[in-house]
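Colleague: I am new to this structure and would like a close look at a single part of it. Please take me through the protein surface around the DNA, one strand after the other.

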Number of protein chains: 2
Amino acid sequence: MPERTSISKRVIERLSEYRSTLDEFDTTETRSIYSHDLAKLCGVTAAQVRRDLMTIGFSGSSAKGYDVSELQQTVGDFLGFGEERRMALVGIGHLGRALLDFFADRNPKLILCAAFDINEMRINRVIHGVRCYAVSQLTEVAKEKRANMGIITVPDAAAQDVATALVEGGVSGLLNFAPVQLRVPNHVFVENLNISTVLEKVAYFAGQSGDKER
Amino acid sequence: MPERTSISKRVIERLSEYRSTLDEFDTTETRSIYSHDLAKLCGVTAAQVRRDLMTIGFSGSSAKGYDVSELQQTVGDFLGFGEERRMALVGIGHLGRALLDFFADRNPKLILCAAFDINEMRINRVIHGVRCYAVSQLTEVAKEKRANMGIITVPDAAAQDVATALVEGGVSGLLNFAPVQLRVPNHVFVENLNISTVLEKVAYFAGQSGDKER
DNA sequence: TTAACACTGTGATTTTTTTCACAGCAGAGC
DNA sequence: GCTCTGCTGTGAAAAAAATCACAGTGTTAA
């Protein structure tokens, strides 16, 4: 039973950041950490760290701060690292490839279980241990591989169909790189990541010589 | 003279989204649009759209809504599309390549003026019209090319040095894909984009069968 | 000309998020 | 054991963001 009251995206993001920051530490050497220090490493305030940890019911000690490995464990559990996360990647352009690389290295908690592309050349290839299938088989293969998340890096025009097929295949979370508003049943969580938007934001704030990150 | 009171990242993101959504329209056919409709296309509420446009001082008419091309123009101006934005891309792995592709197609407002890599093989190649230089020349070339933004897609350990070199080269905005907290002078705006964090967020909310995008 | 309508602009309100600030506690030093 | 220190946990306050709700307005139709 994960949580009582619903927790905002922002908090989840920070928790994820705290946890991965902690991965850098050698827990035999650094046993514990103060909210202050973790905050600095993550670019947030100490009060924010304490509040977030309070939100998930994690306590430290007043003299030593937070126990590093305990914190990793607790946040990991909270984020659902216990359960299996199986991702389907659709679209193996450069961005898709970048994601394949990415998961070859790190993040052992999220498993890429299948990749898909429309290009004949790529079908049936195995990249970093992940087999590539034809998009036409999306729904079947997603079901068969028990994917529960999908990553969409296809051209804009194809994104909606891909999303629909993924959902039909049993996926309940999507990361969508296409600048398109996906229509999905509302038990499905969609996160849109539009690179243009991000860059335009950077451009805007880079313009203001007056600063302030936030 | 762009704005009076400082505007939040969130608003800028939405404005960017409104603008690019409007690009889909043929302005000779669709002259104007209601807050309601634009809202639906962008996945926000109508009140939000009106509030955001009010924030930048843009007015519509009560019967016709907002004039599409005027709105595009105004938002574009506001976001600084008038001025030149010259970006340096550092790291030409798959992700870097994806970004190069990306800018070959769209976004004529942001110019990729140089790319950098440490790998000999890639140096001096020209990809989509962008020349690739050695990272060792980062500062000089950035200056020479008058870059004002940087995109960092290098391995974690190299990110800080790259950031420092870019800033020295005159860059005042960074998009950083490395999961590292960059230290930069505070006239420099940094946006961190950590793919793991994004995916962990999707994983978390995909877990909750109880939904609610936000 | 008037009435009905559907929209915008916006003050007021609500909700959410962040920060403040301090009581209370645990360990270190004496 | 007592005191001093600097931390956490957390109510309370502040700030920021989103939503509500409605007056005012241009448009269309009768």
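Modeller: In this predicted model, DNA strand D is surrounded by 20 residues. The closest are A:Ser35, A:Arg51, A:Ser59, A:Gly60 and A:Tyr66. Of the atoms of DNA strand D that come within 4 Å of the protein, 65% belong to sugar and phosphate.

The surface near DNA strand D draws at least two residues from each of these helices: H3 of chain A, and helix H1 (9-23) and H3 of chain B. By residue class, the surface near this strand consists of four nonpolar, 10 polar and six charged residues.

Several contacts to DNA strand D can be described atom by atom. An N or O atom in the side chain of B:Arg14 is 3.1 Å from a phosphate oxygen of the strand. Two other arginines approach the bases. A base nitrogen of DNA strand D has a polar side-chain atom of B:Arg50 at 3.3 Å, and a base oxygen of the strand has a polar side-chain atom of B:Arg51 at 2.8 Å.

Now to the other strand. DNA strand C has 21 residues around it, and the closest are B:Ser35, B:Arg51, B:Ser59, B:Gly60 and B:Tyr66. Sugar and phosphate make up 68% of the atoms of DNA strand C that come within 4 Å of the protein.

For the surface near DNA strand C, helix H1 (9-23) and helix H3 (46-55) of chain A, and helix H3 (46-55) of chain B, each contribute at least two residues. The residues of this surface fall into four nonpolar, 10 polar and seven charged.

The individual contacts to DNA strand C involve a base and the sugar or linking oxygens. A polar side-chain atom of A:Arg50 is placed 3.4 Å from a base nitrogen of the strand. A:Ser62 brings a polar side-chain atom to 2.9 Å from a sugar or linking oxygen of DNA strand C. From chain B, the backbone takes part: an N or O atom in the backbone of B:Ser62 lies 3.3 Å from a sugar or linking oxygen of DNA strand C.

To put the two strands together, A:Arg51 is among the closest residues to DNA strand D, while B:Arg51 is among the closest to DNA strand C. B:Arg51 also has the polar side-chain atom that lies 2.8 Å from a base oxygen of DNA strand D.

Note on methods
Residues are numbered from 1 along each chain as its sequence is written. Chains are lettered from A and ligands numbered from 1 in the order in which they are written. This is a predicted model: local features need pLDDT of at least 70, side-chain atom pairs count only at pLDDT 80 or more; totals for chains, interfaces and linings use all residues. Side-chain values use heavy atoms; hydrogens and water are left out. A residue is near a molecule or strand if one of its heavy atoms lies within 4 Å of it. A polar contact is a pair of N or O atoms within 3.5 Å; within protein, one must be able to donate a hydrogen and the other to accept it, and residues adjacent in sequence count only if both atoms are side-chain atoms. Helices (H or I, at least four residues) and strands (E, at least two) are DSSP runs, numbered from the N terminus. Ala, Val, Leu, Ile, Met, Phe, Trp, Tyr, Cys and Pro count as nonpolar, Asp, Glu, Lys and Arg as charged, and the others, Gly among them, as polar.
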